[in-house]
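Let's take a stroll through this protein, one spot at a time. Keep the picture open while you read.

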Amino acid sequence: MAVSTQVRVCRVGACSALIPLTLTGQGVCLTHYLDEVFTRISAVQERCRQREMPDSRTLSWLSRQGDLAVTLLSSVGLNFSEDRARLLELLLCLANLHESMRRPQSP
Ligand SMILES: [Zn+2]
């Protein structure tokens with residue numbers, strides 16, 4: 001059995017970027033982590049718009065992503081300003097989502 005976890009490289013096909021320690025559990029680099037999270041969040045947002053509230057598993061997943069984003073923000077180097085901007089966008093996105101869940105009757 002190959003011990004692929006020792007090579008901390010992104011599992012996305014053509015990508016061979018190193019995985020930050022914080023994302024070892026996710027198995028992807030920061031860029032692909034953010035791609036995946038934004039995709040899933042927009043799916044949750046879409047369901048919220050249709051008055052369908054996320055289940056408890058989704059809610060705990062969302063709060064884990066918030067924690068991860070905060071941890072990543074404090075560990076990402078200053079030269080990765082694009083990554084920092086996307087992490088901040090992620091936190092904003094999560095905040096907006098929580099806001100829309102509090103007021104499901106808004107348009
Ligand atoms: Zn990647």
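## A hidden glutamine

Gln-65 counts as buried, since its relative accessibility is just 3%. You'll find Gln-65 in helix α2. Before going on, keep in mind that this is a predicted model.

So who sits around this residue? Setting aside neighbours within four places in sequence, Gln-65 is in contact with Tyr-33, Val-37, Leu-90 and Leu-94.

## The overall layout

Zoom out for a moment. The protein has three helices and zero strands, so if you read along the sequence you get the pattern α-α-α. Helix α1 covers 30-49, helix α2 takes in residues 56-75, and helix α3 spans residues 81-102.

How much of the protein is buried? Of its 107 residues, 31% count as buried. There's also a number for how the chain meets itself: take the contacts between residues at least 6 apart in sequence, and 49% of them join residues at least 24 apart.

## The zinc site

Now for the metal. Which protein atoms hold on to the zinc ion as donors? They are SG of Cys-10, SG of Cys-15, SG of Cys-29 and ND1 of His-32, and they lie 2.0 to 2.4 Å from the ion. Along the sequence, these donor residues follow the spacing C-x4-C-x13-C-x2-H.

The site is tetrahedral, with angles of 106 to 112° among the four donor atoms. For comparison, the ideal angle for four tetrahedral donors is 109.5 degrees. Are the donors buried or exposed? Cys-29 is buried, with a relative accessible area of 4%, while His-32 is partly exposed at 22%. The cut-off explains the two labels: buried means under 20%.

## Where helix α3 meets other residues

Next stop, Arg-86, which has its place in helix α3. This arginine counts as partly exposed because its relative accessibility is 21%, and buried would need a value under 20%.

What does Arg-86 touch, if you don't count residues up to four places away in sequence? The answer is Thr-31, Leu-34, Asp-35 and Phe-38. Here's another way to see the fold: Arg-86 and Leu-30 are 56 residues apart along the chain, yet their C-alpha atoms are separated by 9.9 Å.

## A threonine and its partner

Back to helix α2, where Thr-58 lies. Thr-58 counts as buried, because its relative accessibility is 18% and the limit for buried is under 20%. Its side chain isn't alone, either: a polar contact of 2.6 Å joins the side chains of Thr-58 and Asp-55.

## A loop residue with a positive phi

Between α1 and α2 there's a loop, and Arg-51 lies in it. What is phi for Arg-51? The value is near 65°, which is positive, and this residue is something other than glycine. Arg-51 is exposed, given its relative accessible area of 53%, as exposed means over 50%.

## Rings and a charge

Last, a look at the aromatic rings. A pair of such rings is described by the distance of the centres and the angle of the planes. How many aromatic pairs are counted here? The count is zero.

A ring can still have company of another kind, though. Arg-40 lies over the face of Trp-61, at 4.0 Å from the ring centre.

Note on methods: Residues are numbered from 1 along each chain as its sequence is written. This is a predicted model: local features need pLDDT of at least 70, side-chain atom pairs count only at pLDDT 80 or more; totals for chains, interfaces and linings use all residues. Side-chain values use heavy atoms; hydrogens and water are left out. Rings of Phe, Tyr and Trp (its six-membered ring) pair if their centres lie within 6.5 Å; planes under 30 degrees apart count as stacked, over 60 as edge-to-face and the rest as tilted. A charge sits over a ring if NZ of Lys or CZ of Arg is within 6 Å of the ring centre and within 35 degrees of the ring normal. Donors are N, O and S atoms within 2.8 Å of the metal (3.2 Å for Na, K and Ca); water is not among the atoms, so sites may look incomplete. Four donors count as tetrahedral if all angles lie between 85 and 135 degrees; four count as square planar and six as octahedral if opposite donors are over 155 degrees apart and all others between 65 and 115; anything else is irregular. Buried means under 20% relative accessible area, exposed over 50%, partly exposed in between (1.4 Å probe, protein chains only). Helices (H or I, at least four residues) and strands (E, at least two) are DSSP runs, numbered from the N terminus. A polar contact is a pair of N or O atoms within 3.5 Å; within protein, one must be able to donate a hydrogen and the other to accept it, and residues adjacent in sequence count only if both atoms are side-chain atoms. Contact means heavy atoms within 4.5 Å.
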